[in-house]
Each structure stands twice: as structure tokens, then as C-alpha cells.
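Please examine the sequence and the three-dimensional structure shown below. The explanation after them is intended to be read with both in view.

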Amino acid sequence: MAKAVADDYLRRIPKAELHCHLAGTLRATTVAELAKRYGMTLPRPAETLYQWPDFDGFLEILRIAAAVLRTPADFTRAVYEYIEDAVRDGNLKHVEFFFNPDYFYPNGIDYPSQVAGMVEGLRQAKERFGVSGLLICCIDRSLNNGDQAVEIVETALAHRHELVVGIGLDGNESVGPPALYAEAYALARKGGLKCTAHCCEDYLTPLQAPPTNYLICRDVLRCDRIDHGYNMLASDFVMAEARRDGLYFTPCAWTSLLHNRPHRPRRIRRMVEAGLNVTINTDDPAMFGTNLGHGFTTLFESNGWGPDKARTFSLNSIEGSWLDESAKAALRKTFRREIAALDKEFGYETAALPV
Ligand code: ADE
Ligand code: ZN
């Protein structure tokens with residue numbers, strides 16, 4: 001059966017990435033090169049580095065990969081390389097990177113130096129590819145209790161940078177339920193930072209990462225956006241609330257656990273059909289062996305979606321972003337122009353584009 005939309009259209013439709021972890025974007029070859037430079041022994045060679053038995057094993061490799069970033073120049077390179085890859089593989093126009101500052105402290109690089117390195121990477125990528133970027137300071141709940149999370153936010157506020165626009169919460173959700181981080185989130189909001197949190201991930205069951213975590217993220221953490229969200233599907237009540245709330249979600253087409261990969265397209269389809277505001281993201285693209293274009297083609301092939309859905313996801317990624325209004329308006333123009341050109345090239349009728 002012919003595909004409802006060409007893979008090339010899906011790869012080339014413009015996109016903003018709202019959910020990717022800097023450590024998870026590191027090319028294995030870059031990790032190996034930097035590890036050698038710093039005399040750091042990796043568990044395996046680059047070709048097989050990105051393998052793990054379970055979710056905590058994945059986080060362990062992620063933190064090992066992160067440990068090769070030791071100078072501002074390493075951070076610059078990491079940011080630049082992800083953007084270079086994502087422009088090529090998925091026509092990236094804007095990215096919001098999670099970074100976990102405490103992953104890097106053991107190697108002697110402080111918060112301002114990390115940020116300075118990433119900001120320089122964003123500057124270079126903007127100049128070379130015209131891609132914009134923002135940064136999200138992230139709390140790994142597997143490593144940080146509520147008090148430690150407050151310290152992370154205090155550091156972000158003490159060294160405020162205009163491109164670090166928000167905080168996030170990642171790591172193992174069963175170890176750090178969202179309510180633990182209420183104080184850190186209150187502090188961040190008071191300081192003018194936006195808030196998101198990983199919530200209802202499907203490496204856990206709906207009993208371990210229950211749909212009510214969404215309500216905590218909404219009402220206690222007062223999140224502006226939600227990362228993932230699949231286990232919310234276990235509660236019609238929570239899904240109805242989320243639909244009414246209208247927050248943007250950042251599910252990811254591919255995942256750390258092989259056994260979850262076949263389920264993601266259906267879970268994301270159900271989120272879309274339930275009326276949530278969905279964007280499509282990569283999470284940890286280099287580690288998972290995916291990219292923005294691949295994420296789109298996988299989802300569209302499984303779900304039989306056509307170009308209308310591609311346009312919706314493309315434009316949703318602007319609306320869900322944390323760019324200011326004028327930057328969003330500029331991106332809307334670019335996206336609409338590129339989408340119209342693609343529609344013409346592929347012979348897809350341009351329906352009225354969603355605003
Ligand atoms: N860190 C990197 N990717 C993550 C994910 N999907 N969930 C939780 N923590 C993460
Ligand atoms: Zn994530």
C-alpha cells in the first residue's frame with residue numbers, strides 16, 4: 001500500500017525539538033574521542049557503547065557519556081553537533097536542550113562555564129544553520145532529593161542567563177515522584193523560570209508512574225509543559241483534564257527500551273486522538289539511534305497519518321516552545337513558507353493551516 005505521505009516530506013518538513021537531553025545527543029564517536037583525550041575508560045568501544053539492559057542501565061550510560069564534557073569547548077561542540085545532525089536529518093529550526101548541571105561538576109566544570117559553552121554552540125549553530133536554541137536546567141530525580149533540587153535551582157537563578165529559560169525533571173520517576181520537588185519548582189517559578197517535568201513514562205507501569213502524576217505536575221509543580229505522558233492513557237479522567245488544560249506534551253517517537261518501541265506510535269496516536277496538544281521529539285537521539293526525521297517517518301508509517309498531521313506537528317512545535325511571541329511569529333512565517341513549498345513539490349493540497 002502506498003504511504004499516505006512521503007518519507008522525504010516528513011524528513012524535510014520544518015521542526016522544533018522541545019525534548020532532547022544534551023548528554024543523549026552525543027555522537028558515540030565524539031564520546032570516544034573525548035574519553036581518549038581525557039584518559040577516561042569507557043565500558044565498550046564507540047560502536048557498541050549505546051547498549052543497556054534496562055532503564056537504570058540506560059541512565060548509567062547517559063551519565064558516562066556526559067562525563068566526557070569537561071571544558072566549555074566540549075559543550076560548544078556537543079550543542080553544535082546535535083544541531084548539525086538534526087538540520088540534516090529532520091530540518092530542525094529550533095531546539096530546547098535539557099542539561100543536568102550536576103552530571104558535570106565531578107570533572108571540574110562549574111555551572112557558568114557549562115552555560116557559556118552551550119551558549120557559544122547555539123551562537124555558532126545560529127550563524128551556520130539559522131537554528132535558534134534555548135536551554136533547560138534539569139534535575140535528575142534519581143540523584144537529587146527535594147533539597148538538592150532546590151540547590152540546583154538556586155544555582156540557575158544565581159547565574160541567570162537569558163537563554164536558560166526553564167527547569168525540567170528527568171531520571172527515574174519511581175524514585176522521585178513529582179511532589180518531592182514542589183519547593184524547587186516554586187523557587188524556579190518565583191525566579192521567572194518556566195517549568196516542565198518528565199511524567200507518566202512507559203518504562204514504568206501505570207501503577208508505578210500513575211496518571212495522577214500529571215495532576216501533581218499541573219497543580220503542585222505548576223508545569224507549563226509536560227514531557228512524555230503515555231501512562232496518562234490509563235485514566236479517562238486525567239486525559240479529559242489534560243485535554244481541557246491545553247498544556248503541550250513532548251512525547252518521543254523512539255525510546256530507551258526495545259520492548260517499548262512498537263507501542264509508542266499507538267500511545268502517541270491515542271494522545272493525539274484524545275485531543276492533547278502533541279509535539280514529536282527525540283529524547284536521546286544519538287543514544288537511541290534515532291533522529292527527528294526518523295521519528296516522524298516511524299510514527300506516520302505505523303499510524304497511516306497523512307500530510308495534514310505532519311503540518312499540525314510541525315506548527316505545534318512552535319506553539320509548544322518557550323520562545324517569546326516575536327520569535328514564534330517569525331518561525332510561523334518560515335514554517336508556513338517551507339510547508340507551502342513542500343506541498344507544492346509533493347503535490348499535496350494545502351488545507352487551511354492550523355493557527
Ligand atoms: N534522561 C534522559 N532521557 C530520559 C528519559 N526519557 N526519562 C528520564 N530521564 C531521562
Ligand atoms: Zn527525556
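The paragraphs that follow treat the sheet, the helices beside it, the metal site and the interior in turn. The model is a predicted one.

The account begins with the sheet. Strands of a sheet pair through backbone hydrogen bonds, either parallel or antiparallel. Here an open sheet of 8 strands shows parallel pairing, in the order S1-S2-S3-S4-S5-S6-S7-S8. Strand S1 (15-21) and strand S8 (277-278) are its edge strands, each pairing on one side only. Within the sheet, strand S2 (residues 92-99) is joined to strand S3 (residues 132-140) over 6 bridges in the parallel sense. In this pair, glutamate 96 is placed opposite leucine 134 of S3.

Helices pack on this sheet. Helix H5 (residues 72-90) touches S1 and S2, and its direction makes about 140 degrees with that of S2. Helix H14 (residues 307-319) touches S1, strand S7 (248-250) and S8, with a direction at about 65 degrees to that of S1. Another helix, H9 (residues 212-219), has as its buried residues Asn213, Tyr214, Leu215, Cys217 and Arg218. Among the elements covering these buried residues are strand S5 (194-199), strand S6 (225-228), helix H10 (236-245) and S7.

Which protein atoms serve as donors of the zinc ion (ligand 2)? They are NE2 of His19, NE2 of His21, NE2 of His198 and OD of Asp283, at 2.0 to 2.1 Å from the ion. The spacing of these donors along the chain is H-x1-H-x176-H-x84-D. Histidine 21 belongs to strand S1, whereas aspartate 283 belongs to the loop between S8 and helix H12 (285-288); the pair therefore ties together parts that are 262 residues apart in sequence. Both histidine 21 and aspartate 283 are buried. Because the 4 donor atoms subtend angles of 83 to 172 degrees around the zinc ion, the arrangement is irregular.

The interior may now be considered. The largest nonpolar core contains 119 residues, and those with the most contacts inside it are Tyr50, Ile83, Phe97, Ile139, Tyr185 and Tyr214. Leaving aside residues up to four places away in sequence, phenylalanine 97 touches ten residues by name: Cys20, Leu22, Thr25, Val79, Tyr82, Ile83, Leu122, Leu134, Leu135 and Ile136.

Finally, two backbone angles deserve attention. Cysteine 200, in the loop between S5 and H9, has a positive phi near 60 degrees although it is not glycine. Histidine 228, found in strand S6, likewise has a positive phi, near 75 degrees. Cysteine 200 is buried, at 0% relative accessible area, and histidine 228 is also buried, at 0% relative accessibility.

Technical notes. Residues numbered from 1 in each chain as written. Chains lettered and ligands numbered in written order. Predicted model: local features only at pLDDT ≥ 70, side-chain atom pairs only at ≥ 80, totals over all residues. Heavy atoms only, no water. Pairing = 2+ DSSP bridges. Helix = DSSP H or I, 4+ residues; strand = E, 2+ residues; numbered from the N terminus. Contact = heavy atoms within 4.5 Å. Axes fitted to C-alpha atoms, helices over the stretch in contact; angles between N-to-C directions. Buried < 20%, exposed > 50% of the residue type's maximum accessible area, 1.4 Å probe, protein only. Donors = N, O, S within 2.8 Å, 3.2 Å for Na, K, Ca; no water. Tetrahedral: all angles 85-135°; square planar, octahedral: opposite > 155°, others 65-115°. Core = buried A, V, L, I, M, F, W, Y, C linked by side-chain atoms within 4.5 Å.
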